[in-house]
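Hello,

Here is the structure I said I would pass on. Please open it alongside this note; what I found follows below.

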Amino acid sequence: MPEMHDHAHMHGSSAPTPPEAPREPGARPRLKDHLVWPAIALFIICAITTAALGATNALTADPIAKQLALAKNEARQAALQAASFEPIDLAALQAADPNGYAAALGTGKRAFSEASYGNDASGATTGLVVLVDTRGYADGLQIMIGIAADGTVSGIRVLADSETPGLGKKIRDDAFLKGLLGKPTANGFAVAKLATGDVVPVDAVTGATISSKALIDAVNAVARLNALLQKGGA
Amino acid sequence: MKALIAILFTSILVDNFVLSKFLGICPFLGVSKNLNTAMGMSVAVIFVMLLSTAITWPLYMLVLVPLHVTFLYTLVFILSIAALVQFVETIMKKSMPPLYKALGIYLPLITTNCAVLGVTVLNIDKQYDFLQSMFNSLGVGVGFMLALFLFAGVRSRVDKADVPKFLKGLPITLIAASLVSLSFFGFKGMIEKLFG
Amino acid sequence: MAEKKSWISEITKGFVKENPVLRLILGTCPTLAVTTSVENGIGMGIAATFVLIGSNVAISALRKFIPDKVRIPAYITIIAGFVTIVQLLLKAFVPALDKALGIFIPLIVVNCIILARAEMFANKNPVGASALDGLGMGLGFTTALIVMGTIREVLGNGTLLGHPIPVLQNGGMIEPILIFVLAPGGFFVFGLLVATAQRLSDGIDRRAVAKGLKKAGARPECENCAAAPGCAGCGPLPTGGEG
């Protein structure tokens with residue numbers, strides 16, 4: 001006899017089937033008594049549910065798409081002031097110069113999800129904004145990084161992260177990011193205790209060196225991509 | 001290959017479903033009383049996780065995505081898992097009656113184990129390919145087993161101790177779980193060190 | 001259980017006596033995971049309550065139609081339908097909450113509370129009562145989430161609903177205790193809450209027994225007597241013996 005646990009009462013597949021009312025002999029066979037009826041009933045329920053979901057999806061598809069576009073655009077704006085954004089074909093860039101692209105990415109888990117030039121109202125380029133997908137303590141660290149036309153960091157916005165609350169998550173805070181904002185990207189950045197030569201030192205978040213380093217490395221990668229694009233005369 | 005091993009280690013130790021992500025708590029609390037039941041349950045869970053991934057991943061990539069009906073994934077995934085568990089139950093009843101009897105009510109409960117649905121959804125979320133998904137599911141299942149084993153040992157000690165009335169039963173079990181979870185924190189940062 | 005329940009008691013039973021999380025120990029996974037902040041707890045509570053009421057009503061309305069053999073898959077289908085609706089609505093209109101709750105929104109479908117209520121209540125009771133039951137259980141769930149979220153957010157983050165509490169911030173009198181918003185803290189707070197709920201529930205039981213005893217003409221000593229619940233009342237105390 002299986003031991004009845006707290007959850008046993010919620011999943012009574014071993015509970016007895018309540019008996020259906022007996023039929024009078026000679027009565028017409030009911031649909032419910034047919035062997036296939038359970039399967040048909042289940043199919044009907046599935047069909048109705050799917051239809052209802054299809055309807056909901058149709059209603060919400062537009063708002064969802066709008067939300068996604070809004071979030072992306074807002075993030076780009078936070079990283080780089082611009083009137084409009086002009087997307088860059090990263091795939092073509094990688095195909096044209098695979099070594100340069102790989103060198104820009106650098107070592108470690110990192111990818112450029114998208115890149116755009118920012119243009120002001122008159123059409124002049126205000127800078128470059130790139131979405132980097134990388135890993136800190138955990139996967140799923142997405143950072144929008146903007147570099148102004150003068151080569152300084154124009155803005156950084158962490159879009160998504162699974163870092164530790166209270167520690168790694170603090171890389172979102174201004175207290176940490178101000179060590180990077182407005183600084184020239186020409187020589188790269190590094191965590192303060194590891195910075196040598198002309199590399200700009202940045203104070204890491206206390207107790208979250210790995211998360212801090214991931215963000216700093218992402219900024220360096222974008223700086224290298226910026227240099228690569230400028231070399232190509234884009 | 002290195003990436004696959006990294007995924008395996010991450011899901012067993014660093015991102016342990018039970019102790020870090022809070023998935024699979026109900027069976028974790030319920031089954032860890034008895035080491036043998038814990039073993040049987042874990043093996044069943046690993047098996048169901050692997051089979052579920054093998055079914056749901058292709059279903060998502062080869063059916064839902066091309067048809068633009070990805071919003072149906074919750075429905076499709078959970079029904080697949082329910083059907084799978086039913087199937088496993090039937091097979092076990094026929095060919096492994098003692099194990100079937102030992103697991104009793106816990107077998108159908110695997111359907112509502114958030115860890116099983118959780119890992120199938122996670123594989124899609126993380127955009128793993130098929131092989132990575134399978135490795136991830138294997139790791140999650142093994143991590144579940146590891147947590148269950150460790151905890152069964154802790155629980156057998158706790159049950160023999162003199163616990164204040166206020167905390168007797170489930171409360172002291174949960175506090176013990178918090179300490180086991182704390183010990184797993186030691187694994188954070190391990191993946192970067194080992195795999196660069 | 002056979003007595004007629006007022007609709008008020010249908011709703012309030014979910015708060016302490018039959019609190020799904022703290023007494024019935026259902027739905028523990030989302031409780032532990034989303035209570036790092038009160039806001040997330042409230043969001044999850046509302047989402048789950050919506051699914052709970054919806055599925056209870058649907059299953060109750062269809063209870064004569066669904067064949068017994070396939071009732072569990074049928075329930076799962078209906079619940080999954082409501083969960084998907086919630087998912088889509090959140091993605092479209094409250095994307096911040098969708099991001100915060102993440103994987104736990106689709107996981108509402110395996111929240112044991114919902115399936116348990118369907119199996120235990122909705123398939124045996126009319127639509128109105130089922131809706132109230134869903135509401136009551138949902139409110140109980142949300143209450144547990146809010147209580148746990150408050151403890152963890154205040155102690156672990158020094159904020160409440162995102163607003164910093166002066167005394168508990170860095171530089172204030174007490175530093176926030178980080179462990180509370182991490183996994184071990186979740187288990188710990190949950191353990192203490194379960195113990196507290198047990199205490200409260202026992203207290204309610206004892207007071208009900210005492211009330212019943214008073215009616216039957218019992219004495220103060222009877223309150224702690226183990227035989228009290230079944231006792232029909234005693235005669236005069238024998239001298240020097242037990243009551």
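**Chain A: overall**

Of the 234 residues of chain A, 32% are classed as buried. Bear in mind that this is a predicted model. Chain A has five helices and seven strands. In sequence order they run α-β-α-α-β-β-β-β-α-β-β-α. Take the contacts in chain A between residues at least 6 apart in sequence: 59% of them join residues at least 24 apart.

**Helix α1 of chain A**

Helix α1 of chain A covers residues 37–79, which is 43 residues. At 1.5 Å a residue, the expected span is 63 Å. The end C-alpha atoms lie 60 Å apart, so the two values agree. The helix does have a kink, though. It is about 40 degrees and sits at A:Thr60. The proline A:Pro63 follows shortly after.

A:Thr60 is also one of the buried residues of α1(A). The others are A:Ala41, A:Ile45, A:Thr49, A:Leu53, A:Ala75, A:Arg76 and A:Ala79. Note that the list includes an arginine, A:Arg76.

**Contacts with chain C**

Both chain A and chain B touch chain C.

- Chain A with chain C: 27 residues come from chain A and 31 residues from chain C. The chain A side has 14 nonpolar, twelve polar and one charged.
- Chain B with chain C: 30 residues come from chain B and 32 residues from chain C. On the chain B side, the elements giving two or more residues are α2 (25–31), α4 (73–95), α7 (114–125) and α9 (170–184). Of these, α9(B) gives the most, with nine residues. By class, the chain B side has 23 nonpolar, six polar and one charged.

**A helix pair in chain B**

How do α3(B) and α4(B) pack? Helix α3 of chain B spans residues 35–64. Its angle to α4(B) is about 145 degrees, and the axes are 10 Å apart. The crossing is right-handed.

From α3(B), the contact uses B:Phe47, B:Val48, B:Leu51, B:Ser52, B:Ile55, B:Thr56, B:Leu59, B:Tyr60 and B:Leu64. From α4(B), it uses B:Tyr73, B:Val76, B:Phe77, B:Ser80, B:Ile81, B:Leu84, B:Val85 and B:Val88. By class, that contact has 14 nonpolar residues, three polar and no charged. Recall that α4(B) is also among the elements on the side of chain B that touches chain C.

Best wishes

Key
Residues are numbered from 1 along each chain as its sequence is written. Chains are lettered from A and ligands numbered from 1 in the order in which they are written. This is a predicted model: local features need pLDDT of at least 70, side-chain atom pairs count only at pLDDT 80 or more; totals for chains, interfaces and linings use all residues. Helices (H or I, at least four residues) and strands (E, at least two) are DSSP runs, numbered from the N terminus. A residue is buried if 20 or more other C-beta atoms lie within 10 Å of its own, exposed if 12 or fewer, and partly exposed in between; C-beta atoms are placed from the backbone. Two residues are in contact if their C-beta atoms, placed from the backbone, lie within 7 Å. Ala, Val, Leu, Ile, Met, Phe, Trp, Tyr, Cys and Pro count as nonpolar, Asp, Glu, Lys and Arg as charged, and the others, Gly among them, as polar. The expected span of a helix is 1.5 Å times one less than its number of residues. The bend at a residue is the angle between axes fitted to the seven residues ending there and the seven starting there. Axes are lines fitted to C-alpha atoms, for helices over the stretch in contact, and angles run from 0 to 180 degrees between N-to-C directions. A crossing is left-handed if the near helix is turned anticlockwise from the far one by less than a right angle, and right-handed if clockwise.
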